[in-house]
Every structure is written in structure tokens, then in C-alpha cells.
Amino acid sequence: MKEFVLIFRHSNKDTAKPSPEQMQERMNWLGGIAAQNKLADKGKTLSISSAKTVKPNNVVTDGPYTEIKEFISGFMIVKTETIDDAVELAKANPIFKIGGNVEVREVMVPPDVKK
Amino acid sequence: MLKNDNNGEKVKHTNELLPHLFRLEYSKMTAVICRHFGLKYIEIAEDIVSDTFLKATETWSIDGIPNNPTAWLYTVAKNKAKDFLKHQTIADSKIGVIVQSNNLEEKKEIDFEIKTISDSQLAMIFAVCNPLNSKEAQISLALQILCGFSVEEIADAFLVKSETIKKRLLRARKTLRNDNFQIQELNEKQIKLRLDIVSRTIYLLFNEGYYSKSSNYIIRKDLCLEAIRLALILAENPLTNTTQTNALLALMCYQSSRFEARENEFGEVVLFEQQNKYLWNQELIDKGNYFLINAFSGSEISKYHLEAAIAYWHTTPTDEHKWKHILQLYNQLILIEYSPITALNRTFVFANVYGKEEALKEAEKINLKGNHYYYMLLGFLYSDTNLDKSIYYYNVAAKLSKSKSEKNILRKEINRLKKMNK
């Protein structure tokens, strides 16, 4: 089994306050992954309002780091055989209904840990 | 003639009373004496208590049962313990071993006050739940030491041979003796380290009784009652009366409230939907509510909280959103701890909220081949849309199931579906 981080991105700030129905849908999706025993870490949701970006020379700006208008709203880790399996899990996420996207990244394992 | 009759009466009374007293007092007395001597001497404590009961059998069948049988037992046990210490000190001084005799003399006399008993039992629970022992060993030990079950009764509960249980107990007891666990003074640190294991052992003990394949109804019910009794001991002490303990108690009360309703006169399991709700025990439901409110007085949410909340919804009349609430609780539960049975239950509830067809997609994903509950679930999910498949999966489940009563239920369902299929 390999681990993959799913990174959720949005451009719409309204999504920070999901409706009860949206919450339910997210939880069903998450529960569905856990029910397949493919959840490694349920991760965290990240605040949009309480966010700063620290740059060189003590420059601190308000808000998340956004060169493009997107921001990261959360992340979690799944465990699957292949990256394609992880992508399949991500495809069912309700984020696409509200214009978000999911980045899937394999977690690097140090060479000496690999068998 | 008359005298003989009288004696017969006495023997009969003694025979009826003793097993009851044994079950009730054996573990209490052992706990008190063992706490006094130290965990290393647990066998000695047990011998003293067994001797006490032996003496009771002999004496009571001749002289009749004393006015206060419990007090009689306590006095005899106390004297036997004192005698043992005396002999022990003499023997030790003879072979010149420097024993902690001072230590022993300084100690207070053994007493069987209510507080001493409950403190000792609490300490014993924590001693028995040793993380070095396997889960099964911990439960077997708990049953023997804390609940006064015989090896045969434990074997019956687990559906294994007595010999297996005997070996398991021997190994587990060795771990216990070699442990440095300070049973005299149960401190906060020990409690913190082991409370989770203690809760889990009680939880498993309860489940063993509630879901056991053993056909012995009395033993199964006893397991559940003992689990509740142990949890109540935790609730009595401020150090162990945590929100988690209350959640565990709430869960066990709700589940037990359906004990009479979930089995019919032939010993067959009655499914939840078909249970006679008038057989549910309202007193236990009320107690469950009480503990559930306590459980949610803090911020901690353990798996016991979630399971208790699910059990709460099951005891309430059908509400429009009932299954939605239950599904969300299952979603949270499976995030805390994956288990095949939680995954299966979640899918069943999913069907009640979104329909069987949607749930089938979820079921295919969880893919628990080899688990007979999985095929039961598939049989249920196909029952509206594809009778052939439904019958097929119920058949697979019936073949894999090890429980007679479950096989019967499944066959009934298969016959019902076959009639519909004609």
C-alpha cells in the first residue's frame, strides 16, 4: 500500500461555510473511504480568513499564498495500491460540484525505509 | 426421622445459596485479600477464599446457614489470611530470609468494609487489564478473577475447549505475577495508562455476551450484567468516572434494554425490526439516557460515545431523520476506528437513507469477501431488484455462518424470497 495526499483547492470563498447538506455529502464521501479501510489520515480543513503568508525579508501578507486565485481548503491522506486507485477515490468528492479540484500526490518514502 | 428431614433441608438450602454467594462474593474477597498481600500472591488469596467456601459448605450443611452468611464468610477469610501471614513469617524467619515482615506487621488488618471492597475491586480491574496480555487473555482473566466464572463457563462463552482456556489463563497469570503493578495504591498515573484498556476489556466482555455464538442464554446474559457491574465500579470512583466510562455505560444499558426482545421462545434471534418493543426494558433505557447525558458533558468523543448515540437512536420511535443521524454517527465512528462490522452496518444504514441501489455501489467498494455478514448485506440490498442474486447471496451467507440460529433466519428469508420468485 502507498499513501497519497489529497489536496483540496477552491477559488470560491463562500465554500468556507458549507450547508448541512454539503457537510453530509462530504462526510458520506469520507466515511465511504474509511469503510473501504483506505483512509490513512482524515487530515484537516484549513481556515481561509485566518491566514498569512510569510515571504523573504520579513514580509508578511494577509491571506493564503495565491499566485493564481485558488487556495488550499484542506488535505487528507488515503492508502491505496496505485495512484489511479487514489484518483478514483478523489473523483467521487463533492468538491467538483462547487468548482473546486483535488490534487493527488504520492507521499515520498525515504529510500532506506523502502524494502 | 424428623431430624433427618431437617438435615436434608439444610443441605438443600446450602446447595442453593452457595453458588449464588460464590458468584457474588468470591471476586470481592479475592480482590480485598490480594490487594492486601500484593499481586504476586494472587494464588494465595484465591486459595484462602476457596478454603473459606469449602469450610462454609461443610459447616453450613451440618449447623445450618448462619444469620448473616456474608459476614460469616468475611470473618473466616480474615482469620485464614491472618493465619497465613503468621505461618509465613515463622517459615521465613526459619530459613533466614529477610522478609518485609515489618511491612506486613505495619499493615492494617484486612477489613471487608464496603469502601475497601470497591477500592480493591477497582484496583483488581486495573491489575487484570495488563497490556502485555492479549485481548482474549485479558477477558478470560477478567471473567475468572473479577467475575468468579469457572473455566468451563468461560470456555462455553468463547465456544472453545476448556483446555485452551486453562492454558490461556496460566500464561496470563504468569504475566500478572511478574508485573510490578502496585495494586495496594492505585495511582492516577496507572489509571491514565490503563483506563483505555480497561474500558476496552469491559466493552469486549459485554459484546462477547451480547453477540456470542454460545447457545447458553444464561451465561450470555451474565456476561453482559458483569460488564455493566464492572463499569459501574469505574463510575463510582472520581478518578475513573470519565465521560468515556459514562458513554460505555450508556451503550451497555441501551443494548441490554433489548435483551428480552431479541430472542424468541425457541432461542432464535429476533431481528430489530421484528422485535416486540413492549419487551424493551424502559428502566434500562432511562439509565442509558442518564449516562449518555453525563457522557456528553465534556468535549471528548470516543467510539463509545458514537456507539451509544447510535444505540440511543435505535431506542427512539422512528423519526423522519433518524437514519440520517445514524449514518452520520457511523461516518464518524468509522473515521475513529475501522472495523469490517462498522463498514457493513454503515452500508446497511446508507441503504435506509439513500435506497438499496445507491448502497449497492458502496457495498461493492467495501468488498469484504469471506465475511458472511457481507453476503447477508448483499442479499438484503438485492432483495428489491434482483431476487435470484438476493437468494444466491443469502445462501452463501447461510453456508458461511457458524450460528445455528442465524442459519435458521437466513433459510426462512430464502424460502420467503423463493416463493416471491415463482
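## Report on chains A and B of a predicted model

B:K108 is found in the loop between α4 and α5 (114–128) of chain B. With 7 other C-beta atoms within 10 Å, B:K108 is exposed, because 12 or fewer such atoms is the cut-off for that class. The C-alpha atom of B:K108 is separated by 8.8 Å from that of B:H36, and the two residues are 72 apart along the chain. The model is predicted, and helix α4 (residues 101–106), on one side of this loop, has the lowest mean pLDDT among the elements of chain B, at 44.

**Confidence**

The scores for the model are ipTM 0.84 and pTM 0.82. In chain B the average pLDDT is 86, and 90% of the residues score at least 70. At the other end of the range from α4, helix α11 (residues 243–256) of chain B has the highest mean pLDDT among the elements of that chain, 96. Two stretches of chain B fall below a pLDDT of 50. Over residues 1–5 of chain B the pLDDT is below 50, and this stretch has 0 contacts in the model beyond near neighbours in sequence. Over residues 95–106 of chain B the pLDDT is also below 50, but here the model has 7 contacts beyond near neighbours in sequence.

**Chain B as a whole**

Chain B has 19 helices and 0 strands. Its C-alpha atoms fill a box of roughly 85 × 60 × 40 Å along the principal axes. Of the 422 residues in chain B, 36% are buried. Among contacts in chain B with a separation of 6 or more, 63% are between residues 24 or more positions apart.

The domain assignment divides chain B into four segments, domain 1 (1–112), domain 2 (113–232), domain 3 (242–315) and domain 4 (318–422). Taken over C-alpha atoms, the centres of domain 2 and domain 4 of chain B are separated by 33 Å.

**A helix pair in chain B**

Two packed helices are described by the angle between their axes and the distance between the axes. Helix α15 (residues 340–354) and helix α17 (residues 372–382) of chain B pack at an angle of about 10°, and their axes are 10 Å apart. Angles under 35 degrees count as roughly parallel, and α15(B) and α17(B) are therefore roughly parallel to each other. On the α15(B) side the contact is made by B:I341, B:L344, B:T347, B:F348 and B:A351; on the α17(B) side it is made by B:Y373, B:Y374, B:L377 and B:L381. By class, the residues of this contact divide into 8 nonpolar, 1 polar and no charged.

**Chain A**

The secondary structure of chain A comes to 2 helices and 6 strands. From the N terminus on, these elements run β-α-β-β-β-β-α-β. Buried residues make up 18% of the 115 residues in chain A. Of the contacts in chain A between residues at least 6 apart in sequence, 76% join residues at least 24 apart.

Two asparagines of chain A have a positive phi although neither is a glycine, A:N37 and A:N57. The table sets out their values.

| Residue | Phi | Loop in chain A | Other C-beta atoms within 10 Å |
|---|---|---|---|
| A:N37 | about 55° | between α1 and β2 | 17 atoms, partly exposed |
| A:N57 | about 60° | between β3 (52–55) and β4 (59–62) | 4 atoms, exposed |

A:N57 is exposed because its 4 other C-beta atoms within 10 Å fall in the class of 12 or fewer. A:N37, with 17 such atoms, is partly exposed, because its count lies between the limits of 12 and 20.

**Contact between the chains**

How many residues of chain A are in contact with chain B? There are 12 residues of chain A in contact with 12 residues of chain B. On the chain A side, the elements that give two or more residues are α1 (20–35) and β2 (39–45). Of the elements of chain A, α1(A) gives the most to this side, with 8 residues. The residues of the side of chain A that touches chain B divide into 5 nonpolar, 6 polar and 1 charged. The loop between α1 and β2 of chain A, which joins these two elements, is where A:N37 is found.

How values were computed
Residues are numbered from 1 along each chain as its sequence is written. Chains are lettered from A and ligands numbered from 1 in the order in which they are written. This is a predicted model: local features need pLDDT of at least 70, side-chain atom pairs count only at pLDDT 80 or more; totals for chains, interfaces and linings use all residues. Axes are lines fitted to C-alpha atoms, for helices over the stretch in contact, and angles run from 0 to 180 degrees between N-to-C directions. Angles under 35 degrees count as roughly parallel, over 145 as roughly antiparallel, 65 to 115 as roughly perpendicular and the rest as oblique. Ala, Val, Leu, Ile, Met, Phe, Trp, Tyr, Cys and Pro count as nonpolar, Asp, Glu, Lys and Arg as charged, and the others, Gly among them, as polar. pLDDT is the predictor's confidence in each residue, from 0 to 100. Domain bounds come from an automatic or database domain assignment.
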